[in-house]
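Q: I would like a close look at a single part of this model, with its surroundings explained step by step. Could you walk me through it?

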Amino acid sequence: MPLIDRLATIYRQTFGDFPAHIVRAPGRVNLLGEHVDYNDGFVLPAAIDRATYIAFSPTNASHSTLLAVDFDQRASFSPASVRTKTQADSSPLPDWSLYPAGVMWALMEAGLSVPSMNAVFASDVPRGAGLSSSASVEMAFLLAWQTLGGWTLPPMQRALLGQKAENQYVGVNCGIMDQFASACGVEDRLLLLDCRSLEWKTIPLPKDVSIVIADTSVRRKLTSGEYNQRRAACEAAVRLLQQDLPHIQALRDISVEEFNRLAGKLPPEVRRRARHVVEEIERTRQAEALLEAGNIREFGRLMNECHVSLRDLYEVSCPELNAMVDIAQSLEGCYGARFTGAGFGGCTVNLVASEKAHEFSQALAERYEAETSLHPEIYISHASSGAALLK
Ligand code: ADP
Ligand code: MG
């Protein structure tokens, strides 16, 4: 049964009537610009055709009651109880409910009304795979409360409130890309976001090209320690480079030529990390013109370069991601392949000629399984629209 119909059925079993509304908010995949968001760079994500759906209605109760179908768990909280991260009965909020509760909290902080709702929700975005299931949950609940709250925010404002919820309420130090892509996605378009100014535009992706996402099924994550070390290396590079280039604020502000001239002043590890960032930002700058011209072959080459750079310079890949990318790049119809997300596990993203996408996916799955004894999930996806009220 399609997910929406299943949710409506479960809603009726749970709350006794039909849901008044249904919202959808997609996950996302990033095609280029990895580990550059916190260096004021550019990212190039797309919303995908996997999403979180909520079936919900307003209620006169003092608490919102949520059923997370994928966890088979309920949580109830009110504007007062979210402040202490507790439920109606004073028990602590379960972990999954921190995302919707955090959204309620961020909306309250912004002075927006958050009427109580009964809600049943589920998602076909795999969790913890680098496709931003968390942002899709946040953007779905933001839209649900907007539907009931009598206020309207532009998508980027919703994204910023979702990021605030995740940063300050859940306690995850994420950038703006995930919520942005889920809120602002456009059918068949990639989204080019300037992480400094938050200006963005869409870029076409030809219809005969598919985005194939390959989940290694490895769930090792970049730990916050590793992540903070990478960020610290980038900050150290800026400080050292400021001795010659006092105007620079972030690695975004230095060209590849300037970097090559001054790189010798950086200690080896800091130099490798910074080189990835400076060159990756240059790749995202080149990507715009290539995609506008429909030059998928060259764009794919930039994706391949990105993978090598993440593997060898930023050192955030892992054997399974490397195996998945190596196999993909050897298959017919593949323009480019790299791992996507923070690293150490999760998914690769592949641009593949649509007519070859099925064969490609099958061969990739078979060869990956033969090499690693792991069973991968492969999704043939396409760039989809952002969060929306469906009913
Ligand atoms: P991702 O890369 O998928 O965003 P995160 O670790 O950031 O991974 O977020 C995953 C968390 O988001 C889950 O552990 C859960 O708390 C919440 N979440 C994601 N999908 C769902 C869902 N379908 N139902 C309930 N909570 C979800
Ligand atoms: Mg997340």
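A: Happy to; what follows looks at strand β4 and its neighbours, and then turns to the salt bridges and a pocket. Please keep in mind that this is a predicted model.

Let us start with β4, which covers residues 64-68. Of its 5 residues, 5 are buried, so the strand is largely enclosed by the rest of the structure. The cover is found on both faces: S64, L66 and A68 are buried on one side, and T65 and L67 are buried on the other.

Now for the partners of β4. With strand β5 (residues 73-77), β4 pairs in the antiparallel sense, over 5 bridges. Strand β6 (residues 117-123) runs parallel to β4 and is joined to it by 4 bridges. T65 is a handy residue for following both pairings: S76 stands opposite T65 in β5, while N118 is the bridge partner of T65 in β6. In the β4 and β5 hairpin there are 4 residues between the strands, and D72 takes a positive phi near 50°.

Next, the salt bridges, of which the model has 21. One of them joins K207 and D188, with N to O at 2.4 Å. K207 sits in the loop between β8 and β9, and D188 in the loop between α6 and β7, so this pair ties together parts that are 19 residues apart in sequence. K207 counts as exposed, at 69% relative accessibility.

Another salt bridge links D215 with R219, where the closest N and O atoms are 2.8 Å apart. D215 counts as buried because its relative accessibility is 3%, whereas R219 is partly exposed at 36%.

Helix α9 holds a further pair: E269 and R273 lie 4 residues apart, about one turn of the helix, and their side chains meet in a salt bridge at 3.6 Å, N to O. E269 is partly exposed, with a relative accessible area of 44%, but R273 counts as buried at 5%. These two also belong to a network of salt bridges that links E269, R272, R273 and E315.

Finally, the second largest pocket has a volume of about 170 Å³. Helix α9 (268-292) comes up again here: together with β7 (189-194) and β8 (200-204), it is one of the elements that give two or more residues to the lining. Among the lining residues are F42, D194, E199, W200, K201, R285 and E288. By class, the lining divides into 4 nonpolar, 2 polar and 5 charged residues.

Technical notes
Residues numbered from 1 in each chain as written. Chains lettered and ligands numbered in written order. Predicted model: local features only at pLDDT ≥ 70, side-chain atom pairs only at ≥ 80, totals over all residues. Heavy atoms only, no water. 1 Å grid on protein atoms, 1.4 Å probe; cavity = no way out; pocket = protein on both sides within 12 Å on 5 of 7 lines; lining within 4 Å. Points joined across faces, edges and corners; volume = space filled by probe spheres on them. Nonpolar A, V, L, I, M, F, W, Y, C, P; charged D, E, K, R; others polar. Buried < 20%, exposed > 50% of the residue type's maximum accessible area, 1.4 Å probe, protein only. Pairing = 2+ DSSP bridges. Salt bridge = Lys/Arg side-chain N within 4 Å of Asp/Glu carboxyl O.
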